[in-house]
Amino acid sequence: MDFGLSKEQRDIQKAAREFAEAEFDKDYMLDLELNHKFPHELLKKACDLGFLGIDFPEEYGGAGYGLMEKALVCEEFGRVGGGVGTTVSTSHFASKIVLRSGNEAQKKKYLPSVCSGESLPVAGCFTEPDRGSDLVTFPLSTTAVKDGADYVINGPKTFISFADVAGFGVVLCQTDPEAKPPYRGHSTIIVDKPSEQPGITITDFVKMGWKSCATTQMSFSEVRVPQENLVGEENRGFYHTINFLDEFRVEIGACSVGTAQGAFEKALAYAKTREAFGRKIGTFQAISHKLADMATKIESARLIVYKAGWQFDKEGKVDPKLSSMAKWYPARVAVEVADEAIEILGGHGYMLENEVERFYRDARVYELIEGTREIHKNTIARSLLGKLE
Ligand SMILES: Cc1cc2nc3c(=O)[nH]c(=O)nc-3n(C[C@H](O)[C@H](O)[C@H](O)COP(=O)(O)OP(=O)(O)OC[C@H]3O[C@@H](n4cnc5c(N)ncnc54)[C@H](O)[C@@H]3O)c2cc1C
């Protein structure tokens, strides 16, 4: 067993750290936060240096590394940028469905422009107003019906990240309404430039954090896309989505570790300099133990994420139990650590300019996206207990 990163991985980590420290400028991020802007310029620079395509094959314009190396990038971007780091490092989102389940023509058409940044961000449209955690019990409200050479898509999707500026989206649709169980009638279908498609309405939500990424409500009305936009097999879309999410959750776990680390470092620095009652606050055991707890939780979360990344690169898939652990636990740690960082900074921690309150608000969404904490604990528990009568 070797817990060390390879020389190449350390170089990638260092490059990502240097990029983040140079480019995730505090004033720029404040502007994104206050004006709810998407970081197009930052994303372009990150793509030019190969960070977004790092784990895409070289034949599609990527760097040919693995999920472990991508996790290192997510972590470093999250450490400096919090949710802005996550917006940048995960903006390829549903393009990974095309990478893992698409045909060669789709990969050639879409993936080089993902790696170059031209098609970024990419939306993944799964959740519906009546269906979030549970996509399986009832048929989806969003349907795709064949008509001539096209699919015609109708229905609602909600909480969809990036849809307003996406180069393309992958939409989970019900293609067989009679399928039993209903998820055996799901298909994943590419929709180019959703904001420019006649028949798609996109409206923005106002939300607690993660303001550099719009979260939208989408409505599809008679939207025609060619049948060649079907990704993978018809009526196997649920499985394509689950496979992709098992992998992608590790990236969210890595973003969470980075956000936690960033909040921790700000609290640590503050504890070393801030004085109260004639002493540095770090000399109070109550504060120093908080820091000890924070560091321990971050280290545990990081080890789970790295193990999941390592397993994916070795075996081509992540055990769903480990994927769930690598998602819910780091996300919880990010929230708890950022919360304690606010406490250590006292009143200053509550102020936008000190960033830890933004890290807290940004971190809270990591617990909701790609499956809630409760849903991941269900997955882990099912794997531990099997089917009980
Ligand atoms: C900012 C943001 C961005 C998002 N981006 C996207 C995106 O890009 N694409 C996309 O498709 N979706 C996206 N989502 C949606 C997200 O994945 C869902 O919100 C999430 O899956 C939960 O679904 P829900 O909100 O419908 O909650 P529900 O499923 O209604 O759950 C409500 C509560 O009940 C609990 N619950 C439900 N079932 C069970 C159970 N069996 N056991 C125990 N507890 C249970 C949940 O854990 C939760 O606490 C985003 C959400 C947010 C907030």
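In this predicted model, a backbone N or O atom of F159 sits 2.7 Å from a nitrogen atom of the ligand. The side chain of T127 also offers an N or O atom, 2.7 Å from a nitrogen atom of the ligand. N378 adds a polar side-chain atom, 3.1 Å from a ligand nitrogen. On its own, the ligand has 970 Å² of accessible area, and the protein covers 65% of that.

Now look at the whole shell. It holds 20 residues, and those that come nearest are T127, S133, F159, T372 and E374. Sorted by class, the shell has 9 nonpolar, 8 polar and 3 charged residues. Two elements, β3 (150-161) and α12 (373-385), each supply at least two of the shell residues. The ligand takes up the space of the largest pocket.

Where does the ligand lie relative to domain 2 and domain 3? Domain 2 covers 122-235 and domain 3 covers 239-385. Both give residues to the shell, so the ligand lies between them.

Next, turn to the backbone. Most peptide bonds are trans, and most residues other than glycine have a negative phi. Three places in this model read otherwise. The peptide bond from L120 to P121 is cis, with omega near -5 degrees. P121 belongs to the loop between α7 (104-116) and β1 (122-125). The bond from K180 to P181 is cis too, with omega near -10 degrees. Find P181 in the loop between β4 (168-174) and β5 (186-192). Last comes F162, which is not glycine yet has a positive phi, near 75 degrees. F162 lies in the loop between β3 and β4.

Note on methods
Residues numbered from 1 in each chain as written. Predicted model: local features only at pLDDT ≥ 70, side-chain atom pairs only at ≥ 80, totals over all residues. Heavy atoms only, no water. Near = heavy atom within 4 Å. Polar contact = N/O pair within 3.5 Å; in protein donor to acceptor, adjacent residues only side chain to side chain. Areas by Shrake-Rupley, 256 points an atom, 1.4 Å probe, with all protein chains shown as cover. 1 Å grid on protein atoms, 1.4 Å probe; cavity = no way out; pocket = protein on both sides within 12 Å on 5 of 7 lines; lining within 4 Å. Sits in = over half its atoms within 2 Å of the grid points. Helix = DSSP H or I, 4+ residues; strand = E, 2+ residues; numbered from the N terminus. Nonpolar A, V, L, I, M, F, W, Y, C, P; charged D, E, K, R; others polar. Domains from an automatic or database assignment.
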